[in-house]
Amino acid sequence: MLTAGQSGDAPAFDRVADKQRHTVERCINRLKQWRGIATLYEKTATIYLAALHIADSSVWSARPTAQEKERTASSQAPGLW
């Protein structure tokens, strides 16, 4: 049932917004790999925020650097035997 002002058409696809949403979802899923964050074991907001910062810095420091990405890309180039 449509309410006033709705036409029933699907909303337009926004590629930029979708890419940003996907990036945020991937980040949240990486943080949820930490058990304490996913299950909300921490009782206070301060302790939970501290755990979130620790998990965030661990995820951030584990990401590949530009040099590692370049090295991986050059080693996977076809025909360089």
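Q: How do the residues of the lining of the largest pocket divide into nonpolar, polar and charged?

A: Happy to start there, with the reminder that this is a predicted model. The general idea first: rolling a probe the size of a water molecule over the atoms shows where empty space is left. In this structure, the lining of the largest pocket splits into four nonpolar residues, one polar residue and four charged ones. The pocket itself has a volume of about 230 Å³.

Q: Which residues line the largest pocket, and which helices supply them?

A: Reading along the chain, the lining consists of Thr23, Arg26, Cys27, Arg30, Leu31, Asp56, Val59, Trp60 and Arg63. Helices H1 and H3 (45-62) each provide at least two of the lining residues. H1 contributes the most, with five.

Q: How many helices and strands does the protein chain have?

A: There are four helices and zero strands. Followed along the sequence, the pattern is α-α-α-α.

Q: What pLDDT does the protein chain average, and which elements have the lowest and highest means?

A: pLDDT is the predictor's confidence in each residue, from 0 to 100. Here the chain averages 78, and 81% of the residues score at least 70. Among the elements, H1 has the highest mean, 88, while helix H4 (residues 66-75) has the lowest, 72.

Q: What share of the residues counts as buried, and how much accessible surface does the chain have?

A: Of the 81 residues, 5% count as buried. The accessible surface comes to about 7,600 Å², and 59% of that belongs to carbon and sulfur atoms.

Q: Is Leu31 buried or exposed?

A: The cut-off to keep in mind is that buried means under 20% relative accessible area. Leu31 has a relative accessibility of 13%, so Leu31 counts as buried. You will find Leu31 in helix H1, which spans residues 15-32, and Leu31 is also one of the residues lining the largest pocket.

Q: Which residues does Leu31 touch, beyond those up to four places away in sequence?

A: Leu31 touches Ile37, Leu52, Ala55, Asp56 and Val59. For one of these partners, Leu52, you can compare sequence and space: Leu31 and Leu52 are 21 residues apart in sequence, with 7.7 Å between their C-alpha atoms. Two other partners of Leu31, Asp56 and Val59, appear in the pocket lining as well.

Q: Where does Trp34 lie, and which residues is Trp34 in contact with outside four places in sequence?

A: Trp34 sits in the loop between H1 and helix H2 (35-39). Leaving aside neighbours within four places, Trp34 is in contact with Ile54, Ala55, Ser58 and Val59. Ala55 and Val59 are also among the residues that Leu31 touches. Trp34 counts as partly exposed because its relative accessibility is 34%. As a distance to check on screen, the C-alpha atoms of Trp34 and Ala51 are separated by 9.2 Å, with the two residues 17 apart along the chain.

Q: Where is the place of Glu42, and what is Glu42 in contact with outside four places in sequence?

A: Glu42 belongs to the loop between H2 and H3. Its contacts, again leaving aside neighbours within four places, are Ile47, Tyr48 and Ala51. With 29% relative accessibility, Glu42 counts as partly exposed.

How values were computed
Residues numbered from 1 in each chain as written. Predicted model: local features only at pLDDT ≥ 70, side-chain atom pairs only at ≥ 80, totals over all residues. Heavy atoms only, no water. Buried < 20%, exposed > 50% of the residue type's maximum accessible area, 1.4 Å probe, protein only. Contact = heavy atoms within 4.5 Å. 1 Å grid on protein atoms, 1.4 Å probe; cavity = no way out; pocket = protein on both sides within 12 Å on 5 of 7 lines; lining within 4 Å. Points joined across faces, edges and corners; volume = space filled by probe spheres on them. Nonpolar A, V, L, I, M, F, W, Y, C, P; charged D, E, K, R; others polar. Areas by Shrake-Rupley, 256 points an atom, 1.4 Å probe, with all protein chains shown as cover.
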